[in-house]
Amino acid sequence: MRSACRKLSGYQFYEEVLHSPKFIVAPMVDQSELAWRILSRRHGAQLVYTPMINAKLFVNFNMFEGEEGGPEDRPLIVQFCANDPEILLAAAKQVEAHCNAVDINLGCPQDIARRGKYGAFLQDDWDLVYKLINILHVNLNIPVTAKFRVFPTVEKTVAYAKMMESAGAQILTCHGRLREQRGHNSGLADWNKIRAVKEAVSVPVFANGNILYQSDISRCLDFTGADGLMSAEGNLYNPALFDTRVPNPPHTDLALEYLDIVKSLKTPTSPGAIKGHLFKLFRPALDRNKDLRDRLGKTHGKPGDVLVEYEAVAKEMKERMERDSADASDSGSFTPEILPNGRQEIPHWRAQPYFRPGPPPKSDSAIAATSTNGVQQLKNDLDGQEKKRGATGIVSDGEDGTKRQRV
């Protein structure tokens, strides 16, 4: 079954096929798998991407069970990394009947992308980028989209975006970080460049970077003018980030719901992916429950066996969190306290973002960029107090959801 009766483009595709999504879950290696996509949709996500698939290998997408790209998994965009247009087209042809669009990863900054010459390391070869996008635009029955990182200057970033639009990209996702901003040096995304891209192109633009709390969502959309907002790591620590009903629910409820989804699917979920999700969800409570942290870390074996143990750990954690919540008289309605540094005070039994400290600053400019005062000033920019200095948000949100600086 085709994802659309006819191939639409730009805003027609965004509105008629994708239904104008504002809340989007990023492609995340080993983390945006089917079960997690279903969980995210239940909690407010309106569009979800698969993990990145290497076009040369073409693994991690199960077309045989009928669940990936099925009724519970739409709208869906499948993301590929590639550096050979013909190989990319052959891979994309295999999934075009199982998704709504194919995305090209032009943003991965990791060393494996450097060695493989894909992701953000194609920024140096605009001719190849054009060919990768254009071959899909011309030959697929569904649209092609692209996710990319910014350049040091607004001018070059805008020129790059316009080139991708001219090649046939029907949606552009702009991650407001440089290729060099990764790991502990992720720093802050530049919303000014995202806004410049949005103003320069005629196709929908998704903003990516600096989203941790629900309050960041409207601020980002208002400042950048983007059509939608994509979250990576923010979603991994709190898959209810987009859920306006209960933005910070008990993380054990989310974990048990996720495990129920895993058990309900014919499509297998990697035990490593499940463990990674549980560690992120439970992170606020793990320091207080080191025995459960150790049990979770030591769990290995056959998928069915480890799932039983994962569920046992989650149920035990739930009992402890309910005890802590009762002791604190948490009635279920929750309004976080805003701290002077811009963070929100959230109890350890509720899903919440994770702040990872960066390395010691090496220069005065680095101190200015990563100090608490600097981050708070950037937050103030977004609130309209000093917009001439630009806006970046208050936290970093990553490319693959695993290695991020938090300030």
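Helices H3 and H5 cross in a right-handed manner, and this predicted model is a good place to start looking at how helices meet. The axes of H3, residues 85-95, and H5 come within 9 Å and cross at roughly 35 degrees. On the H3 side, the contact is made by Pro85, Glu86, Leu88, Leu89, Ala92 and Lys93, while H5 brings Leu128, Lys131, Leu132, Ile135, Leu136 and Asn139. Sorted by character, the residues of this contact are eight nonpolar, one polar and three charged.

From H5 we can step across to H6, because H5 (126-139) is among the elements that cover the buried residues of H6. The others named there include strands S5 (101-106), S6 (144-149) and S7 (172-175), along with helix H7 (191-200). Which residues of H6 are buried? They are Thr157, Val158, Tyr160, Ala161, Met163, Met164, Glu165 and Ala167. Helix H6 itself runs over residues 154-167, and at 1.5 Å a residue its 14 residues should span 20 Å; the end C-alpha atoms are 20 Å apart, which agrees. After H6 comes glycine 168, with a positive phi near 125 degrees.

Now let us turn to another helix pair. H2 (residues 34-42) and H10 (residues 251-264) pack with their axes 9 Å apart, at an angle of about 130 degrees. The two helices are therefore oblique to each other, and their crossing is right-handed. Here H2 offers Ala35, Trp36, Ile38, Leu39 and Arg42, and H10 meets them with Leu254, Glu257, Tyr258, Ile261 and Val262. The residues of this contact divide into eight nonpolar and two charged, with no polar ones.

Note on methods. Residues are numbered from 1 along each chain as its sequence is written. This is a predicted model: local features need pLDDT of at least 70, side-chain atom pairs count only at pLDDT 80 or more; totals for chains, interfaces and linings use all residues. Side-chain values use heavy atoms; hydrogens and water are left out. Axes are lines fitted to C-alpha atoms, for helices over the stretch in contact, and angles run from 0 to 180 degrees between N-to-C directions. Helices (H or I, at least four residues) and strands (E, at least two) are DSSP runs, numbered from the N terminus. Angles under 35 degrees count as roughly parallel, over 145 as roughly antiparallel, 65 to 115 as roughly perpendicular and the rest as oblique. A crossing is left-handed if the near helix is turned anticlockwise from the far one by less than a right angle, and right-handed if clockwise. Contact means heavy atoms within 4.5 Å. Ala, Val, Leu, Ile, Met, Phe, Trp, Tyr, Cys and Pro count as nonpolar, Asp, Glu, Lys and Arg as charged, and the others, Gly among them, as polar. The expected span of a helix is 1.5 Å times one less than its number of residues. Buried means under 20% relative accessible area, exposed over 50%, partly exposed in between (1.4 Å probe, protein chains only).
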